[in-house]
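I sat down with this one to look up two things: what surrounds the ligand, and what lines one of the pockets. My entries follow.

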Amino acid sequence: MGLLSNEQLFAEAKTHFPGGVNSPVRAFKSVGGTPKFFKKAKGAWFEDEDGARFLDLCMSWGPLVLGHAHDTVLAAVNEAMHEGLTFGAPSRRELALARKLKTMVPFLEKMRFVSSGTEAVMSALRVARGFTGRDKILKFEGCYHGHADALLVKAGSGLATFGEPTSAGVPKAFADLTLVVSLDDMEGLEQAFVQHGAELAAAIIEPIPANNGLLLQDLSFLTRLRELCTKHGALLIFDEVISGFRVAPGGAAELYKITPDLATYGKIIGGGMPVGCYGGRADVMSRVSPDGPVYQAGTLSGNPVAMAAGLATLEALTPQVYEGFRHQGERWAKAFEKLPGLHCPHVGSILWPLFQGGVKRADRVEGGAIAKFNRMHKLMLDEGVYLSPSGYEVAFLSSVHGNDELAHFEKAAAQVAAQLEA
Ligand code: PMP
């Protein structure tokens with residue numbers, strides 16, 4: 001046990017940070033109770049400040065594809081760190097990561113490293129606008145793309161959790177430039193392009209929407225989106241901050257065989273350190289400063305320690321790892337579905353446990369299903385299983401979520417099932 005308990009730390013945290021946290025969903029507002037303060041973590045497990053041990057199924061929301069504190073990643077970070085923490089100048093590790101990315105994502109002709117997913121998306125939109133000379137963008141309800149102003153429009157993630165359709169502080173003039181279409185609504189999509197196609201700089205989508213639950217789309221919807229963008233001269237941006245390097249080496253673009261004009265990455269690309277990336281077509285990326293007129297910069301962009309963590313992580317992602325994800329994803333989904341009434345759509349190592357089935361649109365998630373998730377969340381914690389603290393968030397497996405972890409989960413789930421029934 002640490003010097004201060006979770007409870008004591010959270011009480012103090014509330015005096016420092018809004019809601020006691022530095023990112024909203026961490027506050028446990030949706031599921032209730034006191035957030036676990038992570039003390040240390042290794043593999044699929046972590047210990048909190050009360051000295052309790054948990055199986056982690058949130059995994060820092062996705063970056064930890066190899067598990068917490070992976071030895072190879074730590075060694076790479078250690079080596080880089082001793083050569084300098086930041087240079088604010090070009091260094092060879094940026095090239096090494098870029099080279100690796102090009103082998104995994106063939107359409108990434110040119111790219112830029114930034115420090116978060118939000119920055120990647122914000123920058124990609126600016127480039128799309130600079131390239132096309134158009135101002136409007138199209139997004140899909142329930143897709144979250146970080147907290148850039150133009151995208152906090154009927155977004156999911158933390159906002160869906162708190163039931164807010166938009167954020168205060170976003171000028172109406174910005175939101176007016178963002179067209180929002182429902183997922184799984186082909187007619188709405190066609191209509192949007194008929195009315196606004198010529199004004200759209202870009203359409204942005206999570207090809208595997210994973211921020212309002214896992215709203216897996218029909219391939220025909222994504223294919224049609226690609227066609228419409230091409231036809232109307234709008235760029236297609238795949239936001240692969242979650243799906244990138246997770247569902248396949250080349251992300252959802254590879255899985256679905258659809259090539260976007262630009263893509264955005266985060267999470268896994270930094271192996272647990274803050275890295276984001278946007279890139280794609282060379283002619284579009286050539287509009288970025290200093291080659292072109294679209295400004296974008298960053299003091300810590302291409303940070304050598306973060307580049308090292310990202311590279312070590314990506315190098316460990318062998319075909320066997322991806323095969324393992326497919327196999328484990330199936331097994332864990334089945335284990336989840338032993339809970340009465342629970343459905344668990346999944347793609348590889350991304351799973352969404354919800355007490356409702358067949359959901360493909362953000363507005364179809366029922367309050368009752370979320371309420372039941374909240375009960376399950378607390379019961380799971382009591383059994384030593386840490387799920388993402390919101391029913392709208394997905395669960396992530398890593399390459400070290402193996403048989404022991406599954407056995408622990410199955411035992412916990414059996415206890416939880418009994419209590420949910422009672
Ligand atoms: N896009 C997607 C698809 C995301 O899931 C997220 C974060 N959950 C972001 C963008 C924003 O990334 P970050 O939190 O690193 O700013």
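Entry, polar contacts of the ligand. I began with the backbone: a polar backbone atom of Y144 sits 3.5 Å from a nitrogen atom of the ligand. A note to self: this is a predicted model. Next I checked side chains. For D239, I found a polar side-chain atom 2.6 Å from a ligand nitrogen. For K267, a polar side-chain atom is 3.1 Å from a nitrogen atom of the ligand. I then looked up how much of the ligand is covered: on its own it exposes 390 Å², and the protein buries 81% of that.

Entry, the shell. Which residues surround the ligand? I listed S116, G117 and T118, then Y144, H145 and G146, followed by E206, N211, D239, V241, I242 and K267. Sorting this shell by type, I got three nonpolar, six polar and three charged residues.

Entry, the second largest pocket. I moved on to this pocket and noted a space of about 510 Å³. Its lining has 26 residues, and those closest to the centre are E94, R112, F113, S301 and G302. Which elements give two or more residues to that lining? I found α3 (92–104) and β4 (110–114). Of the elements, β4 contributes the most, with four residues. By type, the lining splits into eleven nonpolar, ten polar and five charged residues.

Entry, a reminder on method. I like to recall that rolling a water-sized probe over the atoms shows where empty space is left.

Terms used
Residues are numbered from 1 along each chain as its sequence is written. This is a predicted model: local features need pLDDT of at least 70, side-chain atom pairs count only at pLDDT 80 or more; totals for chains, interfaces and linings use all residues. Side-chain values use heavy atoms; hydrogens and water are left out. A residue is near a molecule or strand if one of its heavy atoms lies within 4 Å of it. A polar contact is a pair of N or O atoms within 3.5 Å; within protein, one must be able to donate a hydrogen and the other to accept it, and residues adjacent in sequence count only if both atoms are side-chain atoms. Accessible areas come from the Shrake-Rupley method with a 1.4 Å probe; for residues, only the protein chains shown count as cover. Ala, Val, Leu, Ile, Met, Phe, Trp, Tyr, Cys and Pro count as nonpolar, Asp, Glu, Lys and Arg as charged, and the others, Gly among them, as polar. On a 1 Å grid over the protein atoms alone, a cavity is a set of points where a 1.4 Å probe fits but cannot get out, and a pocket is an open set with protein on both sides within 12 Å along at least five of seven lines; lining residues have an atom within 4 Å of a point. Grid points are joined across faces, edges and corners, and a volume is the space filled by probe spheres set on the points.
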